[in-house]
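Please look over the following structure with its sequence at hand, since the explanation below moves from the surface to the core and then to the charged pairs and the backbone.

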Amino acid sequence: MSDSTYTPPEVWTWEAPSGGQFASINRPISGATHDKDLPVGQHPFQLYSLATPNGVKVTVMFEELLAAGHEAEYDAWRIDISEGDQFGSGFVAVNPNSKIPALLDHTGDTPLRVFESASILMHLAEKFGAFLPKSGPARTETLNWLFWQMGSAPYLGGGFGHFYAYAPEKWQYPIDRFAMEVKRQLDVLDRQLAERPYIAGDEYTIADMAIWPWYGQLCLGRLYNAATFLDVASYKHVMAWAEKIDARPAVKRGRMVNRSFGEPEMQLRERHAASDFDTRTQDKIGG
Ligand SMILES: N[C@@H](CCC(=O)N[C@@H](CS)C(=O)NCC(=O)O)C(=O)O
């Protein structure tokens, strides 16, 4: 537990859990804690994930690829990070960093592991020639924003979200620090979106798919219950873009995959076929 009188020891040691949501899964070491193989389904792409913003990036990409007519059928298996599934030996073999999302691509001679959500988005975009311009300034600008997201969102999630919503107490110093940074980032996006319909230009790309689950859903009031606190309504261009992307059918489906919270009709805990959206949501199968 930290307070203003805390003096860091010379060498940090791992003591009692620090409290707050997710304290039980935080560890200072990497690697597997238990033996557990991953399930493998029938499709070329095996996704191991959860419907957090980082997970939603990839399920939206798969659903957009399928909607555009690409042969991107996939099995999506739910990794329950609150239960420590990310520390099973099979998962660690696919992502040594023990974070969702992780993908096994079985389309080649040997299964190829792909981890880090931006790496997965790029891998799929290049494989199918979709949602990433092939060359030139438009490609560079798309990658600029894709990597902007990867560098920026930890301030939103691990910084602001952690201290505003999950920490065991409310401390003004970290909340001020990260609220200021998140508002600055929203302003960056707002100025960019004032000039163009999508984040990297005229086309909907993997940059939108990476940024929307975080900043779009924050503006739609779905993250940390912080929309009023951050006055998201004042970022009018981000707001309009967030609503436009939210209205895409593939985005709605992508949000449902590997989801185990919220309205039962929005929860498709595992996805193995397109028909699962009609027949296997939690309101239909219960349990
Ligand atoms: N930079 C990674 C971040 C992934 C990440 O932080 N995933 C979280 C869920 S959103 C996770 O798996 N957390 C489990 C843990 O920290 O043990 C990516 O974009 O793929």
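In this predicted model, Tyr6, Trp12, Trp14 and Ile29 together make a nonpolar surface patch of about 520 Å². Of these four residues, Ile29 can be placed in the segment before strand 1, a strand that covers residues 45–49.

From the surface we can turn to the domains and the interior. The domain assignment divides the protein chain into domain 1, made of 15–131 + 257–287, and domain 2, which covers 136–248. The C-alpha centres of domain 1 and domain 2 are 22 Å apart, and the contact between them involves 20 residues of domain 1 and 19 residues of domain 2.

The largest nonpolar core has 69 residues, and within this core Ile206 and Leu218 are the residues with the most contacts. Helix 6, which runs over residues 206–219, supplies the largest share of the core, namely 10 residues. Because domain 1 (15–131 + 257–287) and domain 2 (136–248) both contribute residues, this core lies between them. A second core, separate from that one, has 10 residues, among them Leu50, Ile79, Ala102 and Leu104. To see the surroundings of one residue of the largest core, one may follow Leu218: when residues up to four places away in sequence are not counted, Leu218 touches Leu156, Val182, Leu186, Leu223, Tyr224, Ala226, Ala227, Leu230 and Val232.

The charged side chains come next. Side chains of opposite charge can pair when their charged atoms come close, and the structure holds 11 salt bridges. In one of them, Glu64 is paired with Arg248, and the closest N and O atoms of the two are 2.7 Å apart. Since Glu64 lies in helix 1 (residues 53–67) and Arg248 in the loop between helix 7 (236–246) and helix 8 (249–256), this pair ties together parts that are 184 residues apart in sequence. Are the two partners buried or exposed? Glu64 counts as buried, because its relative accessibility is 5% and thus under the 20% limit, whereas Arg248, at 25% relative accessibility, counts as partly exposed.

Another salt bridge joins the side chains of Arg271 and Glu73, with an N to O distance of 2.7 Å. Arg271 lies in the loop between helix 8 and helix 9 (276–279), and Glu73 lies in the loop between helix 1 and strand 2 (74–78), so this pair ties together parts that are 198 residues apart in sequence. Arg271 counts as buried because its relative accessibility is 0%, while Glu73 is classed as partly exposed at 25%. Both residues also belong to a network of salt bridges that links Glu63, Glu73, Arg253 and Arg271.

The salt bridge between the side chains of Asp187 and Arg191 has an N to O distance of 3.0 Å. Here both partners lie in helix 5 (residues 172–195), where they are 4 residues apart, about one turn of the helix. Asp187 is partly exposed, with a relative accessible area of 30%, and Arg191 counts as exposed because its relative accessibility is 58% and thus over the 50% limit.

Finally, some details of the backbone deserve attention. The peptide bond that leads from Ile100 to Pro101 is cis, with omega near 0 degrees, and Pro101 is placed in the loop between helix 2 (89–94) and strand 3 (102–105). Ser98 is found in the loop between helix 2 and strand 3 as well, and its phi is near 55 degrees, which is a positive value in a residue other than glycine. At 9% relative accessibility, Ser98 counts as buried. Glu116 likewise has a positive phi, of about 75 degrees, although it is not a glycine. This residue, Glu116, lies in the loop between strand 4 (112–115) and helix 3 (117–128), and with a relative accessible area of 37% Glu116 is partly exposed.

How values were computed
Residues are numbered from 1 along each chain as its sequence is written. This is a predicted model: local features need pLDDT of at least 70, side-chain atom pairs count only at pLDDT 80 or more; totals for chains, interfaces and linings use all residues. Side-chain values use heavy atoms; hydrogens and water are left out. Patches are made of residues with over 30% relative accessible area and no salt bridge: like charges are joined within 9 Å, nonpolar side chains (Val, Leu, Ile, Met, Phe, Trp, Tyr) within 5 Å. Accessible areas come from the Shrake-Rupley method with a 1.4 Å probe; for residues, only the protein chains shown count as cover. A salt bridge is a side-chain nitrogen of Lys or Arg within 4 Å of a carboxyl oxygen of Asp or Glu. Helices (H or I, at least four residues) and strands (E, at least two) are DSSP runs, numbered from the N terminus. A nonpolar core is a set of buried Ala, Val, Leu, Ile, Met, Phe, Trp, Tyr and Cys residues joined through side-chain atoms within 4.5 Å. Buried means under 20% relative accessible area, exposed over 50%, partly exposed in between (1.4 Å probe, protein chains only). Domain bounds come from an automatic or database domain assignment. Contact means heavy atoms within 4.5 Å.
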